[in-house]
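Biologist: Please take a close look at one part of this model for me: the way its strands pair. Keep it brisk, and work outward from there.

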Amino acid sequence: SLTGAIAVQVSRVLPNGNLMIQGEKWLALNKGEEFIQLRGIVRPEDVSSQNTIPSTMVADARISYGGTGMIDQANSPGWISRFFNSPLNPF
């Protein structure tokens with residue numbers, strides 16, 4: 001589960017008045033960086049008076065989360081796993 005806030009911008013206004021939004025946030029950590037990206041469509045009437053909207057109200061949401069450095073390496077398979085999952089594996 002992810003909890004947090006990300007600022008986005010309106011990239012396009014659709015003919016029906018809905019808004020295409022997109023945004024990205026990078027966090028620098030001890031030995032790397034993490035990012036979260038958000039894209040989707042929102043209805044203007046769903047945006048609160050504080051100019052916020054929960055992610056559950058974003059249609060066609062594409063939420064990406066990843067990182068670089070130690071974070072990325074921890075999520076990558078080791079060389080043994082890559083070998084046994086490769087087409088070159090004779091077993």
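Modeller: β1 and β2 form an antiparallel pair, held by 4 bridges. Bear in mind that this is a predicted model. Between these two strands runs a hairpin with 5 residues in it. Glycine 17 belongs to that hairpin, and its phi is positive, near 95°. Across the pair, valine 13 faces leucine 19 of β2.

Now follow β2 to its other partner. β2 (19–29) and β3 (32–42) also run antiparallel, joined by 11 bridges. The hairpin from β2 to β3 has 2 residues. One facing pair here is lysine 25 with isoleucine 36 of β3. Another is leucine 19, whose bridge partner in β3 is valine 42.

Stay with leucine 19. Valine 13 stands opposite this leucine, and valine 42 is its bridge partner in β3. Which residues does leucine 19 contact, once neighbours within four places in sequence are set aside? They are Val10, Arg12, Val13, Gly40, Ile41, Val42 and Pro44. So both valines just named as partners of leucine 19, Val13 and Val42, turn up in that contact list too, given that contact here means heavy atoms within 4.5 Å.

Leucine 19 also takes part in the largest nonpolar core. That core has 5 residues: Leu19, Ile21, Leu38, Val42 and Val58. β2 and β3 are the elements that each give two or more residues to this core. Each member counts as buried, because a nonpolar core is built from buried residues, joined through side-chain atoms within 4.5 Å. Over the whole protein of 91 residues, 19% count as buried.

Next, the backbone beyond β3. Most residues other than glycine have a negative phi. Two residues here go the other way. Asparagine 51 has a positive phi, near 65°. Its place is the loop between β3 and β4 (59–69). Is asparagine 51 buried or exposed? Asparagine 51 counts as exposed because its relative accessibility is 63%, and the cut-off for exposed is over 50%. Aspartate 60 has a positive phi as well, near 50°. Aspartate 60 is a residue of strand β4. With 62% relative accessibility, aspartate 60 counts as exposed.

Put the strands back into the chain. The protein has 4 strands and 2 helices. Along the sequence, the order is β-β-β-β-α-α. Of the contacts between residues at least 6 apart in sequence, 36% join residues at least 24 apart. The accessible surface is about 7,300 Å². Carbon and sulfur atoms own 54% of that surface.

Last, confidence. Mean pLDDT is 82 for the protein, with 73% of residues at 70 or more. Strand β1 (residues 9–13) has the highest confidence, with a mean of 96. Helix α1 (residues 70–74) has the lowest, with a mean of 55. Thus the pairing of β1 with β2 involves the strand with the highest confidence.

Conventions: Residues numbered from 1 in each chain as written. Predicted model: local features only at pLDDT ≥ 70, side-chain atom pairs only at ≥ 80, totals over all residues. Heavy atoms only, no water. Buried < 20%, exposed > 50% of the residue type's maximum accessible area, 1.4 Å probe, protein only. pLDDT = per-residue confidence, 0-100. Areas by Shrake-Rupley, 256 points an atom, 1.4 Å probe, with all protein chains shown as cover. Pairing = 2+ DSSP bridges.
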